[in-house]
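Here's a quick tour of one protein model, written to be read with the viewer open. Have a look around first, then come back for the notes.

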Amino acid sequence: MSWQYRHTVLSLCMLAFLVTYFARLAISPVVPLIVDDFTVSNTAIGFALSGMWLAYGAAQFPSGVLADRYGERAVILVAVGGTAATSVVLALAPVFPAFVLAAVLLGLVAGLHYAVATTLLSRTFDDLGTALGLHSIGGPLAGLVAPVAAAWVGVRYGWRPAVALAALVGVPVFLLFAWRVRPTEPRRPDQPMRERFALAPLVELLSRPNVLLPLFVAMTGTYVVQGVMSFLPTFLVEFRGFSSSGAAGVFSAFFVVRAVAQVGLGRLSDRAGRDVAIGAAMLAGAIGTAAFVLGPGFAGVAVAVLLAGSGASFFSAIDPRFMDALGDAERGAGFGLVRTVYTVIGSAGSVGVGLAADLFGWGVSFGILAALFGVTFAALVANWALGTGY
């Protein structure tokens with residue numbers, strides 16, 4: 001297959017996603033160094049990181065509105081350039097309140113990318129599931145590279161250079177995107193911005209049957225994935241008895257599986273249908289997350305990584321499901337709205353898993369996550385069996 005312009009767009013969108021993901025993941029490995037430098041508690045750092053992830057989710061809807069007004073290319077450039085710039089600002093924060101503010105700003109600008117890139121790819125590709133699966137590889141790739149690179153730099157040079165690494169990645173991608181991706185025509189360049197934030201149309205969109213079911217699945221699935229990504233290494237050390245290095249290796253394998261599965265699941269959604277692919281991911285996630293608790297020995301953990309990593313790739317099937325349900329004129333703001341809803345609510349997974357572990361132990365905490373994956377699978381099966389139209 002000859003290389004075409006659309007492949008350039010897809011490749012650069014994937015790299016842009018990698019930049020926005022890299023910047024957020026580079027902070028976690030150097031949290032102990034930040035705590036020592038600012039003399040703050042882990043709770044205070046957790047507050048800063050929660051603010052960053054909530055801001056990331058909240059930016060999804062406004063990003064779609066901005067893309068409808070100014071075009072997708074301009075918004076993605078702001079996301080990539082802003083991520084690089086705020087990473088430097090974060091690294092230079094002189095006091096902890098400034099660090100918190102910079103972390104929130106980082107989440108806001110990084111959150112401008114995903115929904116807008118999805119809309120741009122929907123303009124460019126007919127096989128949207130496959131395209132989104134390839135685009136989403138940027139996240140797992142960042143998950144492989146960012147923690148290792150940030151930890152290595154942090155140990156040798158301190159947390160500030162480690163956090164600023166995102167700028168080294170972001171600037172070249174910004175320049176490449178500006179050079180190789182053509183300007184895009186805005187969908188609604190003349191509509192007043194205040195009309196896009198009117199409450200009644202937003203409620204109507206979210207209450208549509210063909211949006212409501214995948215929104216429930218996406219919120220629940222995001223909650224589970226957020227919880228697993230936040231605490232899997234800790235779970236492996238404290239519940240399964242892994243060493244820290246062994247747990248890190250399993251965590252990296254989880255990202256590898258997720259990267260591969262996103263492409264396969266996106267292609268499956270194009271070929272067999274969105275709900276078939278989503279249901280397969282939910283079932284795999286339920287079995288895999290349960291296997292983390294119940295699977296015997298290393299073989300049990302290996303099976304868990306394979307299945308849970310596949311389950312965590314459901315985004316490459318469910319995001320096209322949303323795009324199918326939206327008209328062309330409403331895809332920018334509409335998809336941004338559903339992304340904001342399920343990302344913000346799903347971000348509570350970190351708090352929920354930690355709280356359940358403190359109250360009931362790690363086995364129960366991860367067991368709850370497996371049950372939630374199972375609930376989403378059951379909802380999809382019931383919808384198919386009853387023919388509800390959701």
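The notes below go through a pocket, some salt bridges and a surface patch.

## Before you start

Keep in mind that this is a predicted model.

## The largest pocket

Start with the open space: the largest pocket holds about 1300 Å³. To find its middle, look for S28, L49, M229, S230 and F231, which are the closest to the centre among the 40 lining residues.

Who builds the wall? Quite a crowd of helices: α1 (5-25), α2 (31-38), α3 (42-58), α9 (138-157), α14 (209-238), α15 (244-272) and α20 each put at least two residues into the lining. The largest share belongs to α3, with 10 residues. As for chemistry, the lining splits into 23 nonpolar, 14 polar and 3 charged residues.

## Salt bridges between α16 and α18

There are 5 salt bridges in the structure, and R274 is a good place to begin. On one side R274 pairs with D270, the closest N and O atoms sitting 2.8 Å apart. R274 also meets D324 in a salt bridge, again listed at 2.8 Å from N to O. That second pair ties together distant parts of the chain, with R274 in helix α16 (residues 274-294) and D324 in helix α18 (residues 315-325), 50 residues apart. Put together, D270, R274 and D324 make a network of salt bridges.

Now look for R321 and D275, whose side chains form a salt bridge at 2.7 Å, N to O. This pair also spans distant parts of the chain: R321 belongs to helix α18 and D275 to helix α16, 46 residues apart.

Are the arginines R274 and R321 buried or exposed? R274 counts as buried because its relative accessible area is 15%, under the 20% cut-off. R321 is buried too, at 10%. Their aspartate partners come out as partly exposed: D324 has a relative accessible area of 46%, while D275 is at 28%.

## A nonpolar patch on the surface

Finally, turn to the outside, where L355, L359, F360, V364 and I368 form a nonpolar patch with about 490 Å² of accessible area together. Two helices, α20 (349-360) and α21 (362-386), each supply at least two of its residues. Helix α20 gives the most, with 3 residues; α20 also helps line the largest pocket.

V364 is one of the patch residues and lies in helix α21. V364 is partly exposed, since its relative accessible area is 40%, which falls between the 20% and 50% cut-offs.

Terms used:
Residues numbered from 1 in each chain as written. Predicted model: local features only at pLDDT ≥ 70, side-chain atom pairs only at ≥ 80, totals over all residues. Heavy atoms only, no water. Patch = residues over 30% accessible without salt bridge, like charges linked within 9 Å, V, L, I, M, F, W, Y side chains within 5 Å. Areas by Shrake-Rupley, 256 points an atom, 1.4 Å probe, with all protein chains shown as cover. Salt bridge = Lys/Arg side-chain N within 4 Å of Asp/Glu carboxyl O. Helix = DSSP H or I, 4+ residues; strand = E, 2+ residues; numbered from the N terminus. Buried < 20%, exposed > 50% of the residue type's maximum accessible area, 1.4 Å probe, protein only. 1 Å grid on protein atoms, 1.4 Å probe; cavity = no way out; pocket = protein on both sides within 12 Å on 5 of 7 lines; lining within 4 Å. Points joined across faces, edges and corners; volume = space filled by probe spheres on them. Nonpolar A, V, L, I, M, F, W, Y, C, P; charged D, E, K, R; others polar.
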